[in-house]
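Got your viewer open and a selection box ready? Let's go for a walk, one pick at a time.

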Amino acid sequence: MDGLTSAQVSGAKTNHVPRRSSRSFGAIIRANVFTLFNLVIGLLWALVLIFGAWQDGLFGLVIVANSLIGIVQELRAKRTLDKLAVINESPVRVRRDGRDQELRPRQLVLGDLILLGPGDRLLVDGEVVESDGLEIDESLLTGEEDPVHKRPGDEVLSGSFAVAGSGAFVATKVGTDAYAVRLAEEASRFHLARSELRDGVTNFIKYITWLVIPIGALLLYSQLRNSTDFGTAITGAVAGIVTMIPEGLVLMTSIAFAVGVVRLGRRDCLVQELPAIEGLARVDVLCLDKTGTLTAGGMDLGEVLPLREDQPVDHALAALANVDHRPNATAKAIQARYRAAADGWTAGEVVPFSSARKWSGADFGPHGVWLLGAPDVLLDRTADGYERAAELASTGTRVLALCRTDSLERATTSETVAVALITLKQRIRPDAHETLRYFAEQGVTVKVLSGDNPDAVAAIATGLEIPGGHRAIDARTLPENDPGKLAELLDTHTVFGRVTPQQKRAFVGALQSRGHTVAMTGDGVNDVLALKDADLGIAMGAGSPATKAVAQVVLLDDKFASLPHVVGEGRRVLANIERVSNLFLTKTFYAIALSLLTGVLGLMFPFAPRHSTLVNALTIGIPAFVLALAPTLERAKPGFVPRVMRFAVPAGVLCAAAVFLAFWAAHTGTSTLTEDRTSGVIALFLTTWWVLILITKPLTLGRMAMIVAMAGLFGLSLAIPFVRHFFALEPGDLSNDLTAVGISVVASAAISVAVKLAGTLRP
């Protein structure tokens, strides 16, 4: 029981497990350089350099820009995640050389003697060598909800956690040999979300890839048939194919996620899984555990109110408070006044506190069997002290009953006698009121799920002005096997008391069955199951290691007021990704439509690659970077893919029609191909610039400045001779150019009407 010696530690296998928060530097390089987009664009770039002018190969710089930007942003996110992951690591208590000490998880070695208490997460497999009422919850591994009593010689597995009692075990498997690591090897690696957003972007890419092949072949055939210059034919075909590829969409999505992680990191919020960013934006129900969330950690002992003068209340209370080697917050509050047990008060059999029982107890031999716990659990309604406890609880005070009984096995309401009531003062978080008001304004419904007395929870909820807070429901009265009825009650009520850990989990499932996106906050071991099942689990930094292990977001600074920033960041990311997707997919659809029109009708493509590089930079590339990082408070709504399609398809088709008509009208005259393409480029810029305006709404001063700047840069590209020559622009035929402007005005009005009818524009 003295643990390993220093000499034994030096040669033992360490508990090295790859962090799931980020991938390696090499993996980041490979993921950003060796992509399908880079391969396709690289091949097209090579064709242009071989058969055309180097100016038409400017789009090849997208490969370099996308790769560098993606690598830099992900490395920033990696550094932030790795730094915060280290901060978030809960120390593990071990015994070495006969001394108890705290180590980081990676410092554990095979054979270490690891000490356990309530809320501790098991990071390695082992064999129990000491148990003092030790109960282990293995539900995350086996699905079994009931805690398992562990005795010396029993096996314990990583991924489980202690819910009651204390004990010690010897590590028998560490690192990648541990059960939970082998079980979740794939899930422990860095991965992006399976989500509506990711699925939508992936589907766009998949379908567009299949469209590019036949349309590109048709376009190449038409260009070769209608041009005597092979190089012009190749560059014309490449212009259409390159424009069809939404090369920046994946980049912008990744950047938005990475920047979101970094921004939250600056607020001491650890996003353990990147998918959590999307979950943040979709949340419409927030479930709060009162203790540790609405109230600050820790409590103060209030009054000790004896009910029987002939009983040793102080001695019993001191003995119960000091019987556990790993005291919870309640025991610590009592220990502040009763620092040690009296002589002779030695515990024999002990039942540690658990959230499911809501009481603890011990047999002190000649001094009797004593219990400490919730009055409405330990006492019958007719018992002495029950009414008094209810009155105190209704004021928001936390009340415990100190009781005597004949046996721990018969600790029921009919067998217990109340000896005293103990009040505890809870500390309401100073930022709770303002934070709750924010969620009310943002349309996020708050549900308070607490294991405390319903009246006490209702009093606190009412004081914080939570809607419906005065109508608390006792969770013991809720239907057990009727999910529909439970979901109905959750829709109509806000505050629930005496909620068990299993009920919290059921509440989350019932809310999800009604189509809600549920976030769950908590800090105690009783919140673990609900945190894991919620769409978004948020743990407090001062919470138990088990809660921080299963949550997607950890508030390292333990500030409830950080939640609005967390939710706001998620909304910013998703709303801006949708804006950016509208831009890139509009480009894709106008390129597809133009390629089909020119391919079927046998005309030259309306612009060259250098033209698309210029227009795309001014109406998509630069604005996308600005929009992807802009602030917003809009809550993400389901239907991302259909909504983007309803915007991008009509907008893209109308842009293509305007460009084709402008080019065709000029092409029927006596102007040169370069002049004809200039008319097409003017129409392309004006229509896509108008699409940018529609997407950017509501227009702020900064956004208006960006829009004006883009128009000014395009004007300069037409006015400055060197730039005009570089981009092969010849605005020499005034009638053709004015015709292009007129067509663009009509097309822009048509785009406004079309997207408004499609219901995609924000008010």
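Start by selecting Cys 655: at 0% relative accessibility, this cysteine counts as buried. Keep in mind that you're looking at a predicted model. Now add Cys 269 to the selection, which is buried too, with a relative accessible area of 1%. Don't go hunting for sulfur-sulfur links, though: the structure holds zero disulfides.

**Zoom out**

Show the whole thing as a cartoon. You have 763 residues on screen, and buried ones make up 56% of them. The cartoon should give you 28 helices and 21 strands. Turn on a surface and the accessible area comes to about 31,200 Å², with 58% of that belonging to carbon and sulfur atoms. If you like contact maps, take the contacts with a separation of 6 or more: 73% of them are between residues 24 or more positions apart.

**The eight-stranded sheet**

Next, pick out the open sheet with the order S8-S21-S20-S19-S9-S16-S18-S17, where the pairing is mixed. Its edges are strand S8 (269-271) and strand S17 (473-474), each pairing on one side only. As a reminder, strands of a sheet pair through backbone hydrogen bonds, either parallel or antiparallel.

For a parallel example, select 285-288 and 445-449: these are S9 and S16, joined over four bridges. Within that pair, Cys 287 sits opposite Lys 447 of S16.

What lies across S8, S9, S19, S20 and S21? Select 563-601 and you'll see helix H22 doing so, running at about 150 degrees to S21.

**A glutamine in a loop**

Stay around S21 and select Gln 552, in the loop between helix H21 (545-550) and strand S21 (553-555). Is Gln 552 buried or exposed? Its relative accessibility is 13%, so it counts as buried, the cut-off being under 20%. Now add Gly 537 and draw a distance: its backbone nitrogen lies 2.5 Å from a polar atom of the Gln 552 side chain.

**Over to S3**

Select 113-116, which is strand S3, and show side chains. In a regular strand the side chains alternate between the two faces of the sheet. Here Leu 113 and Leu 115 are on one side, Ile 114 and Leu 116 are on the other, and all four are buried, leaving both faces of S3 covered.

Bring in the neighbours. Strand S1 (residues 92-96) runs antiparallel to S3, and two bridges join them. Strand S7 (residues 161-173) also pairs with S3 in the antiparallel sense, over four bridges. Ile 114 is a handy residue to centre on: Val 94 has it as bridge partner, and Ile 114 also stands opposite Phe 169 in S7.

**Two positive phi angles**

Last stops, for anyone who likes a Ramachandran plot. Step to Asp 97, in the loop between S1 and strand S2 (99-103). Asp 97 isn't a glycine, yet its phi is positive, at about 55 degrees. With 41% relative accessibility, Asp 97 counts as partly exposed.

Then jump to Lys 358, in the loop between strand S11 (350-351) and strand S12 (359-363). Lys 358 is another non-glycine with a positive phi, about 70 degrees. And how much relative accessible area does Lys 358 have? The value is 9%, so Lys 358 is buried.

Note on methods: Residues are numbered from 1 along each chain as its sequence is written. This is a predicted model: local features need pLDDT of at least 70, side-chain atom pairs count only at pLDDT 80 or more; totals for chains, interfaces and linings use all residues. Side-chain values use heavy atoms; hydrogens and water are left out. Buried means under 20% relative accessible area, exposed over 50%, partly exposed in between (1.4 Å probe, protein chains only). A polar contact is a pair of N or O atoms within 3.5 Å; within protein, one must be able to donate a hydrogen and the other to accept it, and residues adjacent in sequence count only if both atoms are side-chain atoms. Contact means heavy atoms within 4.5 Å. Accessible areas come from the Shrake-Rupley method with a 1.4 Å probe; for residues, only the protein chains shown count as cover. Two strands pair if DSSP finds at least two bridges between them. Axes are lines fitted to C-alpha atoms, for helices over the stretch in contact, and angles run from 0 to 180 degrees between N-to-C directions. A disulfide is a pair of cysteine sulfur atoms within 2.5 Å.
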